[in-house]
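Subject: Structure handover

Hello,

Here is the structure for you to load. My notes follow it.

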Amino acid sequence: MIISELISSNFRNQRISTISSKLTEEYTVATDLVSYSQPDQVFPIHPEQQFFLDELIEEKITNARVLEIGLGSGVLSIGALKAGAIHVTALEINPRAKNYAGFNILTNGLEGQIEIRDGDVKDIWKPVSGDRFDYIISNPPFEPTPQGMTHYLHSAAGIWGLDFVEAIFKELDNHLTPAGYAQIVTFAPGNAKEPFMLADMAEKYLKGETTIKVNPISIKFAYFVDRYVENGQASREQVEEMKKIAKENDVSHLYLCVLHYNIQGKRSLAVTETNLAYESWLDPL
């Protein structure tokens, strides 16, 4: 059965997306529909994945052994291989995502090139203890989330949306090869000028050369968290408490960012806007 027939017969309730970048040929992945609202939803393709793939560094990804933290549908791991990586080790906690990723790996002819390992929420580095990689990639959970709210596994990340990013930063140097590179796409809270919380966190933990690329289109923090009430996911009291804490910490905006980290580079931090603007970044492509 050819792929189009397989998709037609078995994926009537799934979303089929096509994606490409300057380093990758066009390829297709299956995900859940946006309307699938269970916590184990496999995240549909959004502008953040396009942003990430557009930012891959050719000379670093070519022939690289890659680690992805948070495989999801497999869209980034597949993109890394199509951009020139030779092997990907991918961590994932969600059984539903592993099934989707396995299907997408097979339909893109990449079986044997991506090893899927069980992730560990309490210690994200435990599944690769002692291992080092040339290129570490991640699209981790990064949505600012009210305390006590049941949310998607792919999204919940504490009040600032930075819990998983911080866990990555803490041990990142210990899992990169001497010439290693890392790339992370994330939401990042900040003021009207910049995503200062992500910048402060990078400055605290990262010892090499860090560049944060910022999508020039930001959104209001209050607008984003109000959506939880509109969607029936959180109470008005939960959201108002988040907004109160945000105001106390000078947080008014959310930014979509890709962070680049070169362990070999001299310790530095730069924050710059992208040349491309990724519009409507809360909506699927």
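Start with helix α6. Its buried residues pack against β3 (65-69), β6 (133-138), β7 (176-190), α7 (196-205) and β10 (253-262). Please keep in mind that this is a predicted model.

Which residues of α6 are buried? In this helix, residues 163-171, they are V165, I168 and F169. Seen down the helix axis, these buried residues fall within an arc of 100°, so they line one face of α6. The general geometry fits: an α-helix has 3.6 residues a turn, so residues three or four places apart point the same way.

Helix α2 is another case. It spans residues 47-54 and is mostly covered, with eight of its eight residues buried. The list runs P47, E48, Q49, Q50, F51, F52, L53 and D54. Charged side chains are on it too: E48 and D54 are among the buried residues.

**Overall shape**

The protein has nine helices and eleven strands. Its radius of gyration is 18 Å, close to the 19 Å that the globule rule gives for 285 residues, so the protein is as compact as a globular protein of that length. Along the principal axes, the C-alpha atoms fill a box of roughly 55 × 45 × 35 Å.

How much of the protein is buried? Of the 285 residues, 52% count as such. Contacts reach far along the chain. Taking those with a separation of 6 or more, 76% join residues 24 or more positions apart.

The accessible surface comes to about 12900 Å². Carbon and sulfur atoms hold 47% of that surface. On charge, there are 25 positive and 38 negative side chains. The centres of the two sets lie 3 Å apart.

**C257 and I212**

C257 sits in strand β10, one of the elements that α6 packs against. Is C257 buried or exposed? Its relative accessible area is 0%, so C257 is buried; the cut-off is under 20%.

What does C257 touch, beyond residues up to four places away in sequence? The contacts are F51, I184, V185, T186, A188, P195, L198, I212, K213 and V214. F51 comes from the covered helix α2. For a residue farther off, take K122. It is 135 residues from C257 in sequence, and the two C-alpha atoms are 25 Å apart.

I212 is a partner of C257 and lies in strand β8, residues 209-214. I212 is buried as well, at 0% relative accessibility. Leaving aside neighbours within four places, I212 is in contact with L198, A199, C257, V258, L259, L269, A270, V271 and T272. L198 appears in the contact lists of both C257 and I212. The C-alpha atoms of L198 and I212 are separated by 8.5 Å, with their positions 14 residues apart along the chain.

**Backbone points to check**

Which residues have a positive phi without being glycine? D250 is one of them, at about 60°. D250 lies in the loop between α9 (236-248) and β10. D250 is partly exposed, with a relative accessible area of 48%.

S280 is another such residue, with a positive phi of about 50°. S280 is placed in the segment after β11 (268-273).

Best wishes

How values were computed:
Residues are numbered from 1 along each chain as its sequence is written. This is a predicted model: local features need pLDDT of at least 70, side-chain atom pairs count only at pLDDT 80 or more; totals for chains, interfaces and linings use all residues. Side-chain values use heavy atoms; hydrogens and water are left out. Helices (H or I, at least four residues) and strands (E, at least two) are DSSP runs, numbered from the N terminus. The radius of gyration is taken over C-alpha atoms; the globule rule is 2.2 Å times the number of residues to the power 0.38. Buried means under 20% relative accessible area, exposed over 50%, partly exposed in between (1.4 Å probe, protein chains only). Contact means heavy atoms within 4.5 Å. Accessible areas come from the Shrake-Rupley method with a 1.4 Å probe; for residues, only the protein chains shown count as cover. Lys and Arg count as positive and Asp and Glu as negative; His and the chain ends are not counted. The place of a charge is taken as NZ of Lys, CZ of Arg, CG of Asp or CD of Glu. The arc is that of the directions from the helix axis to the C-beta atoms.
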